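Grab a viewer and a notepad, and let's work through a few exercises on this chain. Try each task yourself before reading its solution.

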Amino acid sequence: MALLKKIHLLLLPLLLTSCYEDFDPRLDTKPVLCLNSLITAGNPINVKVSRSWVYTDEQGEQDHSVDDARLEIYANGQPVGSDYLPKEGDRIRIHASSLKYGEAEAEVTVPIAAEISNVVFTPSVIRFSNKPVHTESGIDANMTFDIRISMDFENPEASDDFYRMSYLTYMPQGFWADDELMDQHSRSAYYVGLWGENFDALDPVFYEQTDAFEDIMGGSYYTLFFSDRQFRGKTKSLTYGFSDCRFLISEWDGNPESLDCGWLVTLFSISESYYNWLCYAEQASGFILGDLADMGLSEPVWGYSNVSTGAGVVAAQSPATVKIDLSDFLLKALENPDI
């Protein structure tokens with residue numbers, strides 16, 4: 001038995017070495033031109049021209065610039081300069097060439113911006129951590145509230161349309177009075193803050209990217225981009241909100257202009273190329289299917305490109321922005337904190 005054990009121990013390293021070998025991939029892949037651009041209606045067109053590289057090319061990863069790139073931009077078939085501002089409906093074609101890496105081109109149509117109407121929002125006070133208190137310097141208050149918002153936009157039936165939403169809070173940066181304004185305001189400074197980043201995805205369109213398997217596995221998630229597959233040819237009433245928002249004000253002198261706070265919500269109409277890239281990025285960013293693909297347990301999540309070389313994405317978007325103005329709500333809440 002001791003002899004057999006000794007033989008087993010001698011053979012084990014030999015068996016393990018058969019599981020490993022040096023692998024030096026020699027990929028017969030030449031670098032190609034890569035184009036990336038997000039075209040926004042009314043803004044100058046910026047294009048990033050680079051070149052592709054394989055994962056073993058450490059130098060290419062650090063520097064993939066193209067020194068001899070020649071770039072041409074066309075709008076509706078006509079060459080345009082760098083100062084051209086694309087319009088909704090424009091067909092933009094981008095062409096790049098290089099003696100080292102060849103040629104690449106892509107085309108995209110700037111979508112028509114959505115027409116937003118019937119914006120309705122309902123904020124409600126959850127609690128006052130510190131009810132309005134009059135001090136020698138002014139009024140101090142600390143409030144938590146929720147808000148629910150709906151807005152309508154028309155969606156044409158003749159085409160496939162895609163959208164992306166973004167939002168940001170706005171507020172005064174603090175009022176510092178000078179000599180001319182001292183007559184209008186009794187104080188020289190105040191502080192106001194608004195925090196409202198807890199987005200509530202109340203509409204089903206925000207969940208259209210959730211795969212049935214991910215939903216079953218508890219991986220249901222929302223995204224801020226969606227298609228019109230659920231409401232094509234109809235007026236869409238988009239519902240969403242923000243929860244556990246916090247409003248803080250100190251040393252307030254009662255000037256209503258100090259309460260100019262709220263959200264700027266932008267609904268972008270986006271090109272199909274942008275939508276496809278967002279879908280890819282979302283799936284590859286670590287959700288359940290992306291994790292399984294990384295472990296080799298499902299099909300890989302393939303990259304997306306609409307450039308002729310298969311490298312890069314040229315996309316377009318047109319924004320429509322609405323202002324969610326909280327000033328009236330804040331004034332009433334500060335004047336009547338018990339309501």
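The exercises below go through salt bridges, a small sheet, a helix and some loop residues, all in a predicted model.

**Exercise 1. Find where the partners of the Lys-236 and Asp-203 salt bridge sit, and decide whether each is buried or exposed.**

Step 1: check the distance. The closest N and O atoms of Lys-236 and Asp-203 are 2.9 Å apart, and the cut-off for a salt bridge is 4 Å, so the pair qualifies.

Step 2: place the partners. Lys-236 belongs to strand β13 (residues 235-252), while Asp-203 is in the loop between β11 (199-200) and α3 (212-216). With their positions 33 residues apart in sequence, the pair ties separate parts together.

Step 3: look at accessibility. Buried means under 20% relative accessible area. Lys-236 has 12%, so it is buried, and Asp-203 has 3%, so it is buried as well.

**Exercise 2. Do the same for Lys-323 and Asp-260: which parts of the chain does their salt bridge link?**

Step 1: the closest N and O atoms are 3.8 Å apart, which is within the 4 Å cut-off.

Step 2: the bridge links distant parts of the chain, 63 residues apart. Lys-323 is in strand β15 (residues 314-325), and Asp-260 is in the loop between β13 and β14 (262-270).

Step 3: partly exposed covers the range between 20% and 50%. Lys-323, at 46%, is therefore partly exposed, and so is Asp-260, at 33%.

Step 4: now see which salt bridges share partners. Asp-160, Asp-228 and Arg-232 are joined that way into one network. For the tally, the structure holds eleven salt bridges.

**Exercise 3. Work out the strand order of the open sheet that contains β3, and find its edges.**

Step 1: follow the pairings. β3 (residues 70-75) and β5 (residues 91-98) run antiparallel and are joined by six bridges. β3 also pairs with β4, again antiparallel, over three bridges.

Step 2: put the order together. The sheet has four strands, β4-β3-β5-β6, with antiparallel pairing. Its edge strands are β4 (78-80) and β6 (102-109), each pairing on one side only. On average, neighbouring strands are turned by 25° against each other, direction ignored.

Step 3: zoom in on β3. Tyr-74 has Pro-79 of β4 as its bridge partner, and Glu-72 stands opposite His-95 in β5. Glu-72 also makes a salt bridge with Arg-70, with closest N and O atoms 3.3 Å apart. Arg-70 has a relative accessible area of 52%, and the cut-off for exposed is over 50%, so Arg-70 counts as exposed.

Step 4: inspect the turn. The hairpin of β3 and β4 has two residues between the strands, and Asn-76 there takes a positive phi near 55°.

**Exercise 4. Test whether α4 has the span you'd expect from its number of residues, then list its buried residues.**

Step 1: helix α4 (residues 272-284) has 13 residues. The expected span uses one less than the number of residues, times 1.5 Å, so α4 should span 18 Å.

Step 2: compare. The end C-alpha atoms of α4 are 18 Å apart, which agrees.

Step 3: the buried residues are Ser-273, Tyr-274, Tyr-275, Leu-278, Cys-279 and Gln-283. To read that list, recall that an α-helix has 3.6 residues a turn, so residues three or four places apart point the same way.

**Exercise 5. Describe the surroundings of Glu-208 and Gln-209.**

Step 1: Glu-208 is found in the loop between β11 and α3, and Gln-209 is placed in that loop too.

Step 2: Glu-208 is buried, at 14% relative accessibility. Gln-209 is buried too, with a relative accessible area of 14%.

Step 3: their side chains make a polar contact of 3.4 Å. Leaving out residues up to four places away in sequence, Glu-208 touches Phe-226, Ser-227, Arg-229, Gln-230 and Tyr-275. Tyr-275 also appears among the buried residues of α4.

**Exercise 6. Which residues does Ala-311 touch, and where does Ala-311 lie?**

Step 1: Ala-311 lies in the loop between α5 (288-294) and β15, and it is buried at 11% relative accessible area.

Step 2: beyond four places in sequence, Ala-311 touches Val-32, Leu-33, Cys-34, Leu-35 and Ser-305.

Step 3: set sequence against space. Ala-311 and Pro-31 are 280 residues apart in sequence, yet their C-alpha atoms are 9.8 Å apart.

Notes. Residues numbered from 1 in each chain as written. Predicted model: local features only at pLDDT ≥ 70, side-chain atom pairs only at ≥ 80, totals over all residues. Heavy atoms only, no water. Salt bridge = Lys/Arg side-chain N within 4 Å of Asp/Glu carboxyl O. Buried < 20%, exposed > 50% of the residue type's maximum accessible area, 1.4 Å probe, protein only. Contact = heavy atoms within 4.5 Å. Pairing = 2+ DSSP bridges. Axes fitted to C-alpha atoms, helices over the stretch in contact; angles between N-to-C directions. Polar contact = N/O pair within 3.5 Å; in protein donor to acceptor, adjacent residues only side chain to side chain.
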